[in-house]
Amino acid sequence: MAAPCPPPPPDPQFVLRGTQSPVHALHFWKGAQAQGHPVLFSGSQSGLVHVWSLQTRRTVTTLDGHGGQCVTWLQTLPQGHQLLSQGRDLKLCLWDLAEGRNAVVDSVRLESVGFCRSSILAGGQPRWMLAVPGKGSDEVQILEMPSKTSVCALKPKADAKLGMPMCLRLWQADCNPRPLLLAGYEDGSVALWDVSEQKVCSHIACHEEPVMDLDFDSQKARGISGSAGKVLAVWSLDGQQALQVRGTHELTNPGIAEITIRPDRKILATAGWDHRIRVFHWRTMQPLAVLAFHSAAIQCVAFAADGLLAAGSKDQRISLWSLYPPA
């Protein structure tokens, strides 16, 4: 008797249209979600940030701070109503969105024109840490915010030949307050930096192509990276801060623009250059779904705290999916 066919993948729960430009960045606003007004930010190639109400499924407002240059990264700060947006205009803008405001209250000038998105480490403190691509092509600059004080520049040894940093993830272990940085590089490797010591704790070759994005599960000390090639690499971090490749998963087609683990650490999603969103079980890396809705490359994926998945594409649409709801 033939095995039953798996059920076909679902359709999106709904689709947001109206950016009139390819979508390059997505971010759910946790603060608004907690108040019962779910909000999604999207960054477009045209330089605009659209603020979407997921209740009305319409744009609430549009933020224009990047002079028509592509918005590549969006992140809210845990305190207050502040949003960070990074653009190809070499500017990182800090927006105040409290009480209906939408003003740029500060900005950081970036030194690198590459594709590398920034990263923050922010708790409940007024001070927070920002990692941005640095002045030298292989450097990462660490700033203390909001003072914009330079903490250090993380520069690999001259003979390392890692190339440009392509993706960054600042984090700290629960048992140790020292800030750490995971960085994916142009040569296909991932490095773990101790920011305070300005040294590489560990470095592994994961991919044959540039690392396009990575995500890290600090509870399981386990991460995943995707590249311009066909392979997803899963790696772990031991008690001595040594990285080890745990396994690889080969994709049908090359090219991952973004990879994100859901907040409950049960599943993850990838944004594929082949127009597809792929969903995996995080512990086993079992493929769960291939979502083929978009007609051009997927450039970003994001999860809301309640498990809703958003994907932004070069086809100017944002699809929202309800898959494997959190328990």
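1. A residue counts as buried when its relative accessible area is under 20%. Leu181 has a relative accessibility of 0%, so Leu181 is buried. The model behind this value is a predicted one. Leu181 sits in strand β15, which spans residues 180-185.

2. What surrounds Leu181? Setting aside neighbours within four places in sequence, its contacts are Ala131, Val140, Leu154, Leu168, Arg169, Leu170, Ala191, Leu192, Trp193 and Val195. One of these partners, Ala131, is 50 residues away along the chain. The C-alpha atoms of Leu181 and Ala131 are 8.4 Å apart.

3. Leu181 also belongs to the largest nonpolar core, which has 17 residues. Five members touch the most other members: Ile142, Leu154, Leu170, Leu181 and Val195. Several strands feed this core. At least two residues come from each of β11 (128-133), β12 (140-145), β13 (149-154), β14 (165-171), β15 and β16 (189-194). Which strand gives the most? That is β15, with three residues.

4. Ile142 is worth a look alongside Leu181. Beyond its neighbours within four places in sequence, Ile142 is in contact with Met129, Leu130, Ala131, Thr149, Ser150, Val151, Cys152, Leu154, Leu170 and Val195. Ala131 is thus on the list for Ile142, and Ala131 is on the list for Leu181 as well. Leu154, Leu170 and Val195 also touch Ile142, and these three residues touch Leu181 too.

5. Next, the sheet that holds β15. Four strands make an open sheet, ordered β14-β15-β16-β17, and they pair antiparallel. At the edges are β14 and β17 (199-205), each of which pairs on one side only. On average, neighbouring strands here are turned by 20° against each other, with direction ignored. Between β16 and β17 there are six bridges, in the antiparallel sense. Ser189 faces Ala205 of β17.

6. A second open sheet also has four strands. Its order is β6-β7-β8-β9, and the pairing is antiparallel. Which strands lie at the edges? They are β6 and β9 (103-109), each pairing on one side only. The average turn between neighbouring strands of this sheet is 20°, direction ignored. Inside the sheet, β7 (residues 82-87) and β8 (residues 91-96) run antiparallel and are joined by six bridges. Gln86 has Leu92 as its bridge partner in β8.

7. Thr72 lies in an edge strand of that second sheet: Thr72 is part of β6 (residues 71-76), and β6 is an edge strand. Is Thr72 buried or exposed? Its relative accessibility is 11%, so Thr72 counts as buried. Leaving out residues up to four places away in sequence, Thr72 touches His24, Ala25, Gln86, Gly87, Arg88 and Arg117. Gln86 and Gly87 are among these partners, and strand β7 covers residues 82-87.

8. Finally, a loop residue. Ser21 is located between β1 (14-16) and β2 (23-29). Ser21 is buried because its relative accessible area is 5%, under the 20% cut-off. Outside the four nearest places in sequence, Ser21 has contacts with Ser44, Gln45, Ser46 and Gln316. Gln45 is 24 residues from Ser21 along the chain, and their C-alpha atoms are separated by 5.8 Å. How does the side chain of Ser21 meet Ser46? It reaches the backbone nitrogen of Ser46 at 3.0 Å.

How values were computed
Residues are numbered from 1 along each chain as its sequence is written. This is a predicted model: local features need pLDDT of at least 70, side-chain atom pairs count only at pLDDT 80 or more; totals for chains, interfaces and linings use all residues. Side-chain values use heavy atoms; hydrogens and water are left out. Buried means under 20% relative accessible area, exposed over 50%, partly exposed in between (1.4 Å probe, protein chains only). Contact means heavy atoms within 4.5 Å. A polar contact is a pair of N or O atoms within 3.5 Å; within protein, one must be able to donate a hydrogen and the other to accept it, and residues adjacent in sequence count only if both atoms are side-chain atoms. A nonpolar core is a set of buried Ala, Val, Leu, Ile, Met, Phe, Trp, Tyr and Cys residues joined through side-chain atoms within 4.5 Å. Two strands pair if DSSP finds at least two bridges between them. Axes are lines fitted to C-alpha atoms, for helices over the stretch in contact, and angles run from 0 to 180 degrees between N-to-C directions.
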